[in-house]
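Could you walk me through this structure, one feature after another? I am new to it and would like a friendly tour.

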Amino acid sequence: MKKHIVLLSLVVHSYFSAIAQDSSLDNYTGNWTDDASWTSGTAPPFDNVIEDLTIYGYITLQAGNRIDLTNGGGDVLTIEDTLVIADAGLTSRFFAGNTVVVNGLLIVMGNLNLNTGTTFTVNSGGVVAVGGNFGAFGGGDPTFGAGTVYVEGTSGYTDVSPADDLEGDGLGNVGDFLDGTSTELPVEMKYFKTEVRDGIAILRWATSSELNNAGFDVERSENGIDFRKIGYVGGHGTVNTEKKYSFSDYFFDGRSYYRLKQIDYDGAYEYSEVVEAKDHLSQNADLAVYPNPVYSHENLQISLGGIEGDFFSLKLTSISGQIIFIKDRIEIGEVQSVTLYLQKELVKQGLYTLQITSPYQHYYRQILIK
């Protein structure tokens with residue numbers, strides 16, 4: 001699991017009256033000084049911050065700058081995703097009367113100091129990585145909670161982890177979180193599996209922890225070699241608890257292979273194992289449904305070649321389970337194909353499941369009606 005460490009320089013000065021809370025854009029990767037990074041459309045100052053700030057994306061404060069929270073201003077900095085203070089030559093300071101809450105990742109490449117009366121809380125799943133020293137000028141009131149604080153230099157507080165602990169996570173130092181020298185990614189997978197239900201391939205996976213996880217591309221292959229993207233599932237950013245995911249492939253056609261492409265906010269990615277989905281009841285090369293996709297004013301043709309037994313039933317259901325059309329005990333000897341008059345049945349646009357059942361077999365096809 002790759003951990004990203006951010007050294008944060010925060011100094012709080014208050015000399016203006018309170019301003020409305022500002023926040024970065026969700027899942028945004030950018031520079032603190034870039035106006036497009038912020039919901040207000042204007043980047044907040046990094047000196048003399050006089051408003052509450054919440055970090056939802058991956059925001060980097062470039063070298064030469066530090067964040068100053070107002071002295072005694074009662075401001076709150078909340079990090080839900082990632083904040084990187086990139087200058088190793090600066091000392092970050094949180095002044096009295098302010099609150100810092102880390103639920104995501106805070107990387108401070110320089111020193112980090114707290115003043116008396118500063119509340120500094122690292123909650124479960126939160127990570128603070130300090131490349132320099134972590135101490136106090138006049139005290140400070142840190143509450144580390146269930147989160148993790150890594151310090152590469154010296155620390156004036158207990159309940160922090162030395163930088164040596166990073167080695168267990170595949171990292172040599174705090175900077176490895178930024179320069180990509182670690183080959184591991186910030187997601188620990190618990191399982192990845194498939195099941196087939198009513199002709200639909202359902203993919204399920206879970207993570208035990210995530211760090212800076214943007215999400216997953218879902219890829220499918222018919223031969224287990226050539227994959228293409230068929231969907232995307234967003235991640236949870238930085239969490240230290242189990243998260244479960246699922247994805248339904250409505251165009252599954254009897255047998256397919258799947259893999260996940262886990263993507264980090266900084267663009268790094270890694271592939272999961274390949275899993276197979278196979279429906280023993282739905283495979284029949286002679287059963288044809290066309291056209292597919294089909295327009296609502298057209299007719300759907302169903303060729304019945306290869307169905308075993310003397311009779312079959314036919315059912316068309318919506319994705320929500322509503323039965324659109326059903327006909328039982330059609331004798332196979334009488335027909336070689338069936339026509340569904342979609343306009344007559346007043347079928348709306350959407351995804352549907354066509355189910356054909358004989359005494360010996362069940363066949364499913366996913367139908368897209370435009």
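The largest pocket in this predicted model has a volume of about 230 Å³. There are 17 residues in its lining, and those closest to the pocket centre are D198, I200, T317, S318 and T353. Where in the chain does the lining come from? Three elements each give two or more residues to it: β21 (200–221), β29 (311–318) and β32 (350–357). Of these, β32 supplies the largest share, with four residues. If you sort the lining of the largest pocket by class, you will find eight polar residues, six nonpolar ones and three charged ones.

Let us stay with strand β21 for a moment, since D217 has its place there. Is D217 buried or exposed? Its relative accessibility is 9%, and because buried means under 20%, D217 counts as buried. The side chain of D217 is joined to that of K229 by a polar contact of 3.3 Å. K229 also appears among the residues in contact with D217 once neighbours within four places in sequence are left aside; the full set is K229, G231, Y232, R259, L260, K261 and I263.

Strand β21 also takes us to the aromatic rings. In total, the model has seven aromatic pairs. One of them is formed by W205 and Y245, whose ring centres are 5.6 Å apart. The planes of these two rings meet at 10°, and planes under 30 degrees apart count as stacked, so W205 and Y245 are a stacked pair. W205 lies in strand β21 and Y245 in strand β23 (residues 243–249), so this pair ties together parts that are 40 residues apart in sequence. Both W205 and Y245 are buried.

Another aromatic pair, Y269 with Y271, is arranged edge-to-face. Here the centre-to-centre distance is 5.8 Å, with 75° between the planes. How exposed are these two residues? Y269 has a relative accessible area of 47%, so it is partly exposed. Y271 is partly exposed as well, with a relative accessible area of 36%.

Finally, look again at W205 and Y245, this time together with F192 and F216: ring pairs link these four residues, F192, W205, F216 and Y245, into a cluster. W205 has thus appeared twice on this tour, in the stacked pair with Y245 and in the cluster.

Technical notes
Residues numbered from 1 in each chain as written. Predicted model: local features only at pLDDT ≥ 70, side-chain atom pairs only at ≥ 80, totals over all residues. Heavy atoms only, no water. 1 Å grid on protein atoms, 1.4 Å probe; cavity = no way out; pocket = protein on both sides within 12 Å on 5 of 7 lines; lining within 4 Å. Points joined across faces, edges and corners; volume = space filled by probe spheres on them. Nonpolar A, V, L, I, M, F, W, Y, C, P; charged D, E, K, R; others polar. Buried < 20%, exposed > 50% of the residue type's maximum accessible area, 1.4 Å probe, protein only. Polar contact = N/O pair within 3.5 Å; in protein donor to acceptor, adjacent residues only side chain to side chain. Contact = heavy atoms within 4.5 Å. Phe/Tyr/Trp six-rings, centres within 6.5 Å; stacked < 30°, edge-to-face > 60°.
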